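Please open the model in your viewer and keep the sequence panel beside it. The tour moves from one selection to the next, and each stop says what to look for once the residues are displayed.

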Amino acid sequence: MSHKPKHILPLLLICLLLCACSKSRELSDFSSDGCSLFPDRSLIDAKDWCDCCFEHDIAYWQGGTRAQRLAADERLRDCVLAKTDDRLLAEAMFQGVRMGGSPYFKNWYRWGYGWGDGRSYQALTFEEQGMVTEKLVQYYKSEAPSPCSIVE
């Protein structure tokens, strides 16, 4: 007569799930291309909204909740409006990021692009927030050129 524990399989599954959930995901280095698929500044006058897009990229790179995405998009709209006094431009950019920045799209400018595919909407853990801070410190220390300092 063999003694096989009846509860070993469920126990193993629980252990595997706990290990997978506790393992932190890797965050890629921060990168920004300015206003993805949109001009960084006016071709006609001196209006420049690239800094708004750069800050927006920081939010999109790190990702987070659905509410955090909406707040980031609203900050972009408000920043562009403040820099240009152009409501139509600010609203067009807002609508563009609302439609095109979903985490479900497989593009380089989607919500949470720093985490790779499949993250969707979820709050960052304390550990992940620490990774975000470390990567941003590295970015600013590296003296990487800002897409906003490159004049086409």
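Begin by selecting S120 and, leaving out residues up to four places away in sequence, display what it touches: G64, P103, Y104 and W111. Bear in mind throughout that this is a predicted model. S120 is placed in the loop between α4 and α5, and its side chain makes a polar contact of 3.0 Å with the side chain of Y104. If you add T65 to the selection, you will find its C-alpha 8.4 Å from that of S120, although the two residues are 55 apart in sequence.

**Charges over rings**

Select R119 together with W115, where R119 lies over the face of the tryptophan at 4.7 Å from the ring centre. Then move to R77 and F94, where the charged end of R77 sits over the ring of F94, 4.5 Å from the centre of that ring.

**The nonpolar core**

Next, display V132 with its contacts, setting aside neighbours within four places in sequence; these contacts are L27, W61, Q62, W115 and L124. V132 is also one of the residues that touch the most other members of the largest nonpolar core, a group of 29 residues, and the others to colour with it are F30, W49, W61, L76, V80 and M93. At least two residues of this core come from each of α2, α3 (66–84), α4 (87–100) and α5, and the largest share, eight residues, is supplied by α2. As background to this stop, nonpolar side chains tend to be buried together in soluble globular proteins.

**The aromatic cluster**

Keep F30 and W61 on screen and add F54, Y139 and Y140, since ring pairs link these five residues, F30, F54, W61, Y139 and Y140, into a cluster. A search of the whole structure finds eight aromatic pairs, one of which is formed by F54 and Y139, a tilted pair with 6.0 Å from centre to centre and 40° between the planes. Because F54 belongs to helix α2 (residues 50–62) and Y139 to helix α5 (residues 126–141), this pair ties together parts that are 85 residues apart in sequence. F54 counts as buried at 8% relative accessibility, and Y139 is buried as well, with a relative accessible area of 12%. Y139 also pairs with Y140, this time edge-to-face, with 5.4 Å between the centres and 85° between the planes. Turn on the surface here, and Y140 will be seen to count as partly exposed, at 49% relative accessibility.

**The disulfides**

For the last part of the tour, show the cysteines as sticks: there are three disulfides, and with the bonded cysteines counted along the chain they follow the pattern 1-4, 2-6, 3-5.

Select C35 and C53, whose sulfur atoms are 1.9 Å apart in the disulfide they form. The torsion about this S-S bond is about 90°, so the link between C35 and C53 is right-handed. The pair joins distant parts of the chain, with C35 in the loop between α1 (8–22) and α2 and C53 in helix α2, 18 residues apart. C35 is buried at a relative accessible area of 6%, as is C53 at 4%.

Now move to C50 and C148, where the sulfur atoms of the disulfide are 2.1 Å apart and the torsion of -80° about the S-S bond makes the link left-handed. Since C50 lies in helix α2 and C148 in the segment after α5, this pair ties together parts that are 98 residues apart in sequence. Both C50 and C148 are buried.

Finally, select C52 and C79, which are joined by a disulfide with 2.1 Å from S to S. The torsion about the S-S bond of C52 and C79 is about -75°, so this disulfide is left-handed. With C52 in helix α2 and C79 in helix α3, the pair ties together parts that are 27 residues apart in sequence. Is each end of this link buried or partly exposed? C52 counts as buried, at 3% relative accessibility, whereas C79 is partly exposed, with a relative accessible area of 25%.

Conventions: Residues are numbered from 1 along each chain as its sequence is written. This is a predicted model: local features need pLDDT of at least 70, side-chain atom pairs count only at pLDDT 80 or more; totals for chains, interfaces and linings use all residues. Side-chain values use heavy atoms; hydrogens and water are left out. Rings of Phe, Tyr and Trp (its six-membered ring) pair if their centres lie within 6.5 Å; planes under 30 degrees apart count as stacked, over 60 as edge-to-face and the rest as tilted. Helices (H or I, at least four residues) and strands (E, at least two) are DSSP runs, numbered from the N terminus. Buried means under 20% relative accessible area, exposed over 50%, partly exposed in between (1.4 Å probe, protein chains only). A charge sits over a ring if NZ of Lys or CZ of Arg is within 6 Å of the ring centre and within 35 degrees of the ring normal. A nonpolar core is a set of buried Ala, Val, Leu, Ile, Met, Phe, Trp, Tyr and Cys residues joined through side-chain atoms within 4.5 Å. Contact means heavy atoms within 4.5 Å. A disulfide is a pair of cysteine sulfur atoms within 2.5 Å. A polar contact is a pair of N or O atoms within 3.5 Å; within protein, one must be able to donate a hydrogen and the other to accept it, and residues adjacent in sequence count only if both atoms are side-chain atoms.
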